[in-house]
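Reader: I would like the labels used for this model justified against their criteria. Please take them one by one.

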Amino acid sequence: MIEFRRVSKLYANGTVGLQEVDVTIHSGEFVVIVGLSGAGKSTLLRSINRLHEITSGDIIVDGKSITHARGEELRHMRRSIGMIFQSFNLVKRSSVIRNVLSGRVGYHSTIRTLLGLFPKEDVQLALNALARVNIQEKAYIRADQLSGGQQQRVSIARALAQEAKIILADEPVASLDPLTTRQVMDDLRRINQELGITMVVNLHDIDLARQYATRIIGLRAGEIVFDGPVGEATEER
Ligand code: ADP
Ligand code: ADP
């Protein structure tokens, strides 16, 4: 469960990112955040794992305040939250499996993982994660040899290898063609349904949101202006 309690974000230059946002996202939901560019979607998503620090309020993840978490507690909470970006954020010159294994780094002492030494179980976990998004056969290929859709599946596999309970996806299909978009969104839906991983996905395409979300949250100028099941969002727009 993710709970926003009167969360505001004011950027250093005075821009409003979020304004007194109160919202609760339950485990297993597939929430899509919609809104125009600049509405605050990315700010909302990135404040959940503290990629952005909020200015006031509190964010509770599975009963604990991530806003106030420090040190090992914060690292532990962050491990449970996977992140997927529009631009994939893979290490291009590394193999696919190394990219997926990077989801395991937080689980081990740093020196071993800095040297790229992962236990056998981690390699198996990474291969299983790749199998779940149907690109196991690409494991030993360099990440930058893959198509955009394949690279995005690698980043999904990285979140799975991390054993994330929540996946945050910031415009995950914005740079993909329509067919690939569908495949990646289908993967996210399957993972949500099969593994019960909570999905919070930013999209600017309302039609896509309607097809995949169980709940749509609309943002405008940092405020929630719509929050409801998919049927109602259809009437709203
Ligand atoms: P924070 O308050 O979250 O630390 P900062 O204001 O320090 O954010 O900016 C973080 C980064 O975002 C900087 O590199 C900055 O150049 C960049 N940035 C500044 N303005 C914008 C904007 N309007 N949209 C997106 N990124 C921006
Ligand atoms: P969206 O994801 O919906 O496009 P954002 O969350 O990126 O919206 O941005 C919300 C508002 O905050 C916008 O006005 C944007 O320009 C501003 N903003 C985003 N990041 C920064 C930053 N680092 N510094 C200053 N302003 C920012």
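Author: The answers below concern a predicted model, taking a helix, a pocket and a loop residue in turn.

Reader: How do you know that the span of helix 6 agrees with its number of residues?

Author: Helix 6 covers residues 148-161, which is 14 residues. At 1.5 Å a residue the expected span is 20 Å, and the end C-alpha atoms are 20 Å apart, so the two agree.

Reader: What makes helix 6 largely enclosed by the rest of the structure?

Author: Buried means under 20% relative accessible area. In helix 6, 12 of the 14 residues are buried, so the helix counts as largely enclosed. Among them are Gly-149, Arg-153, Ile-156, Arg-158 and Leu-160. The cover over these buried residues includes strand 6 (81-85), helix 3 (96-101), helix 5 (120-132), strand 7 (166-170) and helix 7 (178-195).

Reader: Which elements each supply at least two residues of the lining of the largest pocket?

Author: Helix 2 (71-79), strand 6 and helix 6 do. Helix 2 gives the most, with 4 residues. The pocket holds about 460 Å³ of space. Of its 18 lining residues, Arg-78, Arg-79, Ile-81, Ser-102 and Gln-162 are the closest to the centre. By class the lining has 6 nonpolar, 7 polar and 5 charged residues.

Reader: What is Ala-221 in contact with, leaving aside its neighbours within four places in sequence?

Author: Contact requires heavy atoms within 4.5 Å. On that basis Ala-221 is in contact with Val-16, Gln-19 and Ala-39. Ala-221 is placed in the loop between strand 9 (215-220) and strand 10 (223-229).

Note on methods: Residues numbered from 1 in each chain as written. Chains lettered and ligands numbered in written order. Predicted model: local features only at pLDDT ≥ 70, side-chain atom pairs only at ≥ 80, totals over all residues. Heavy atoms only, no water. Expected span 1.5 Å × (residues − 1). Buried < 20%, exposed > 50% of the residue type's maximum accessible area, 1.4 Å probe, protein only. 1 Å grid on protein atoms, 1.4 Å probe; cavity = no way out; pocket = protein on both sides within 12 Å on 5 of 7 lines; lining within 4 Å. Points joined across faces, edges and corners; volume = space filled by probe spheres on them. Nonpolar A, V, L, I, M, F, W, Y, C, P; charged D, E, K, R; others polar.
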